[in-house]
Amino acid sequence: MRIRSALTALAVVLAGLVAGAGSSSAAGTTTGSPYCGITWGSAEKAAGALSSAPLVDVRTGRHDCYDRVVFEFAGPVDGYAVAYGETWTEGEGLALSPYTAGGALLRVSLRAPAYDDDHQGTVPYAVGAHVANLLRYPTLRDVVFGGSFEGYSTFAVGVRARLPFRTFVLAGPGTHSRIVLDVAHQWQE
């Protein structure tokens with residue numbers, strides 16, 4: 001009787017493992033339908049070239065399926081590199097992770113300065129400043145200014161966990177341009 005119970009329990013466990021193996025990927029995440037149709041992934045995203053149009057504003061927004069960070073420039077800008085990993089201050093090389101909230105860190109390098117032609121700052125943030133109030137955001141935890149040096153501006157974006165993200169460029173308003181970073185609330189349904 002004990003052998004039959006043990007075999008039944010083993011059969012149930014094996015059936016569960018076999019059924020689970022069909023619905024999970026090599027990374028161990030489920031492969032159900034994409035969350036809100038999001039198929040962005042979490043690999044590095046980079047595009048564009050260096051520009052002299054300065055950064056003039058950083059703002060955030062909450063959406064149904066993702067949280068957003070918008071970097072606005074006073075002119076055409078299309079250069080960026082965004083990836084998960086440590087972020088350092090521009091020109092000094094100090095790590096921002098000890099000062100950035102979140103379970104994962106997105107390193108945002110904008111290929112444009114945060115100062116004008118006279119080297120006067122165009123945003124009101126000091127290096128290490130937290131630039132947004134992210135209370136009640138499902139995914140975003142922090143946005144920290146890493147400085148601007150030799151035409152590049154850096155931000156550390158703290159998020160709840162390593163989640164899918166996308167980055168793209170929008171024209172406007174007027175002659176301005178925007179680089180947009182969206183981070184999904186979750187991987188899959």
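T167 is found in strand β8 (residues 165–171). Strands (DSSP runs of E, at least two residues) and helices (DSSP runs of H or I, at least four residues) are numbered from the N terminus. At 11% relative accessibility, T167 counts as buried. Buried means under 20% relative accessible area, exposed means over 50%, and partly exposed lies in between (1.4 Å probe, protein chains only). Contact means heavy atoms within 4.5 Å. Leaving aside its neighbours within four places in sequence, T167 is in contact with K45, Y80, V82, I179, V180 and L181.

This is a predicted model, in which local features need pLDDT of at least 70, side-chain atom pairs count only at pLDDT 80 or more, and totals for chains, interfaces and linings use all residues. Residues are numbered from 1 along each chain as its sequence is written, and side-chain values use heavy atoms, with hydrogens and water left out.

**The sheet**

Five strands form an open sheet. Their order is β1-β4-β5-β7-β6, and the pairing is antiparallel. Two strands pair if DSSP finds at least two bridges between them. Which strands stand at the edges? They are β1 (45–47) and β6 (140–149). Each has a single partner strand, so one side of each is left without a neighbour in the sheet. From one strand to the next, the twist averages 15°. Axes here are lines fitted to C-alpha atoms, for helices over the stretch in contact, and angles run from 0 to 180 degrees between N-to-C directions. Strands of a sheet pair through backbone hydrogen bonds, either parallel or antiparallel.

Now take β7 (residues 152–159). It pairs with β6 in the antiparallel sense over eight bridges. It also pairs with β5, again antiparallel, over seven bridges. The table lists residues that stand opposite each other.

| Residue | Partner in β7 |
|---|---|
| L140 | V159 |
| V144 | A156 |
| F149 | Y152 |
| L106 | V157 |

The hairpin of β6 and β7 has two residues between the strands. There, E150 takes a positive phi near 50°. How many residues of β6 are buried? Seven of its 10 are, so β6 is largely enclosed by the rest of the structure. In β7, seven of the eight residues are buried, so that strand is largely enclosed too.

**The core**

A nonpolar core is a set of buried Ala, Val, Leu, Ile, Met, Phe, Trp, Tyr and Cys residues joined through side-chain atoms within 4.5 Å. The largest one has 32 residues. Those with the most contacts inside it are V58, F71, L106, F155, V157 and L181. At least two residues of this core come from each of β2, β3, β4 (80–84), β5 (104–110), β6, β7 and β9 (177–184). The largest share, four residues, comes from β5.

Look at L106. Leaving aside its neighbours within four places in sequence, L106 is in contact with several residues, among them V82, Y84, F155, V157, F165 and L181. F155 is found in strand β7. At 0% relative accessibility, F155 counts as buried. The C-alpha atoms of F155 and V82 are separated by 9.7 Å, although these residues are 73 residues apart along the chain.

Apart from the largest core lies another. This second core has five residues, among them I38, C65, Y66 and A184.

**The disulfide**

The structure holds one disulfide. A disulfide is a pair of cysteine sulfur atoms within 2.5 Å. Here C36 is joined to C65, with an S to S distance of 2.0 Å. The pair links distant parts of the chain, 29 residues apart. C36 is in the loop between α1 (2–21) and β1. C65 is in the loop between β2 (55–62) and β3 (66–73). The torsion about the S-S bond is about -75°, so the disulfide is left-handed. Is each partner buried or partly exposed? At 38% relative accessibility, C36 counts as partly exposed. At 16%, C65 counts as buried.
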